[in-house]
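Let's take a walk through this protein together, going from the overall picture to single residues. Please keep the structure open beside the text as you read.

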Amino acid sequence: ASAAIAFVHGYRYPDHERQAAALARALGFAQVSVSHEVSPLIKFVGRGDTTNVDAYLTPGLRRHVGRIADALGANARLYFMQSSGGLTGARHFEGKDAVLSGPAGGVVGAARTSALAGFDRVIGFDMGGTSTDVARFDGAFERAFETEVAGIRLRAPMMAIHTVAAGGGSILHL
């Protein structure tokens, strides 16, 4: 089970959140996401939403990462793409940083591939089965710190990616 803890002034006075987290762990919660650690900034709603997303996604993500790490063996150096476009070690990969990690990898790949072809500016168009992701690169990666994904405010560094819920598998009727 997971717990998300977000107190109104937790970003400034984290002691009460720490106490609540210790209590949640003592009660047996395997995943405890605490807002002053997940998103240590003012603005309660965005910090709370991000903490909830982290509490929801991290347990499944950790299981998946653990299976991959086990299959590769103890000596493997395993890194994962984050929503910000950067890599992180397997032990530090968290739910809040994985929300747009796939599309972020597409942006990094498009930028690097176009650079190899001699272009320093590119528009990435990534159409999957259910959605289409669009981003641009003009010599620097565009990032946002506060974004809305599926109606939920997230406060974590992410690539500036515009997603439309219309992918190649969408069927239109008139």
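What percentage of the 174 residues of the protein count as buried? The answer is 36%. Please bear in mind that this is a predicted model.

## Overall picture

The protein has four helices and nine strands. Starting at the N terminus, these elements follow one another as β-α-β-α-α-β-β-α-β-β-β-β-β. Taken along the principal axes, the C-alpha atoms fill a box of roughly 55 × 45 × 40 Å. If we look at contacts with a separation of 6 or more, 56% of them are between residues 24 or more positions apart.

How confident is the predictor? Mean pLDDT for the protein is 91, with 98% of the residues at 70 or more. Among the elements, helix H1 (residues 15–26) has the highest mean, 97, and strand E9 (residues 162–164) the lowest, 83. As a general caution, predicted coordinates should not be read in detail where pLDDT is low.

## The parallel start: E1 and E2

Strand E1 (residues 2–5) shows an alternation of its side chains: Ala-3 and Ile-5 point to one face and are buried, whereas Ser-2 and Ala-4 point to the other and are not. That fits a general pattern, since side chains in a regular strand alternate between the two faces of the sheet.

E1 runs parallel to strand E2 (residues 31–34), and four bridges join the two. Ser-2 has Gln-31 of E2 standing opposite. To get from E1 to E2 the chain passes through H1, making a β-α-β crossover that is right-handed.

## The E7–E8 hairpin

Strand E7 (residues 143–149) and strand E8 (residues 152–159) are paired in the antiparallel sense, with six bridges between them. For a closer look at the register, find Glu-148: its bridge partner in E8 is Arg-153. The hairpin has two residues between the strands, and Ala-150 takes a positive phi near 55°.

Val-149 belongs to E7, and with a relative accessible area of 22% Val-149 is partly exposed. Which residues does Val-149 contact, leaving aside its neighbours within four places in sequence? They are Val-99, Leu-100, Leu-154 and Met-158. Pro-40, which is 109 residues away from Val-149 along the chain, has its C-alpha atom 20 Å from that of Val-149.

Another positive phi in a residue other than glycine is that of Lys-43, near 80°. Lys-43 sits in the loop between helix H2 (35–38) and helix H3 (44–72). In general, most residues other than glycine have a negative phi.

## The open sheet: E5, E6 and E9

Three strands form an open sheet in the order E5-E6-E9, with antiparallel pairing. Strand E5 (122–127) and E9 are the edge strands, each pairing on one side only. From one strand to the next, the twist averages 15°.

Strand E6 (residues 132–137) is joined to E9 by three bridges and runs antiparallel to E9. Here Asp-133 stands opposite Thr-163 of E9. Thr-132 is also in E6. Is Thr-132 buried or exposed? Thr-132 is buried, because its relative accessible area of 5% is under 20%. Beyond its neighbours within four places in sequence, Thr-132 has contacts that include Phe-125, Asp-126 and Met-127, as well as His-162, Thr-163 and Val-164.

## Aromatic pairs

A pair of aromatic rings is described by the distance of the centres and the angle of the planes. With centres within 6.5 Å as the criterion, the count comes to two aromatic pairs. Phe-80 and Phe-93 form a stacked pair, 5.0 Å centre to centre and with 5° between the planes. Phe-80 lies in strand E3 (residues 79–81) and Phe-93 in the loop between strand E4 (87–89) and helix H4 (101–116), so this pair ties together parts 13 residues apart in sequence. Phe-80 counts as buried at 14% relative accessibility, and Phe-93 is buried with a relative accessible area of 5%.

Why does the pair of Phe-137 and Phe-141 count as tilted? The ring centres are 4.8 Å apart and the planes stand at 50°, so the pair falls neither under 30 degrees, as stacked rings do, nor over 60, as edge-to-face rings do. Both Phe-137 and Phe-141 are buried.

Conventions:
Residues are numbered from 1 along each chain as its sequence is written. Side-chain values use heavy atoms; hydrogens and water are left out. Rings of Phe, Tyr and Trp (its six-membered ring) pair if their centres lie within 6.5 Å; planes under 30 degrees apart count as stacked, over 60 as edge-to-face and the rest as tilted. Buried means under 20% relative accessible area, exposed over 50%, partly exposed in between (1.4 Å probe, protein chains only). pLDDT is the predictor's confidence in each residue, from 0 to 100. Two strands pair if DSSP finds at least two bridges between them. A crossover is right-handed if, with the strands pointing away from the viewer, the path from the first strand over the helix to the second runs clockwise. Contact means heavy atoms within 4.5 Å. Axes are lines fitted to C-alpha atoms, for helices over the stretch in contact, and angles run from 0 to 180 degrees between N-to-C directions.
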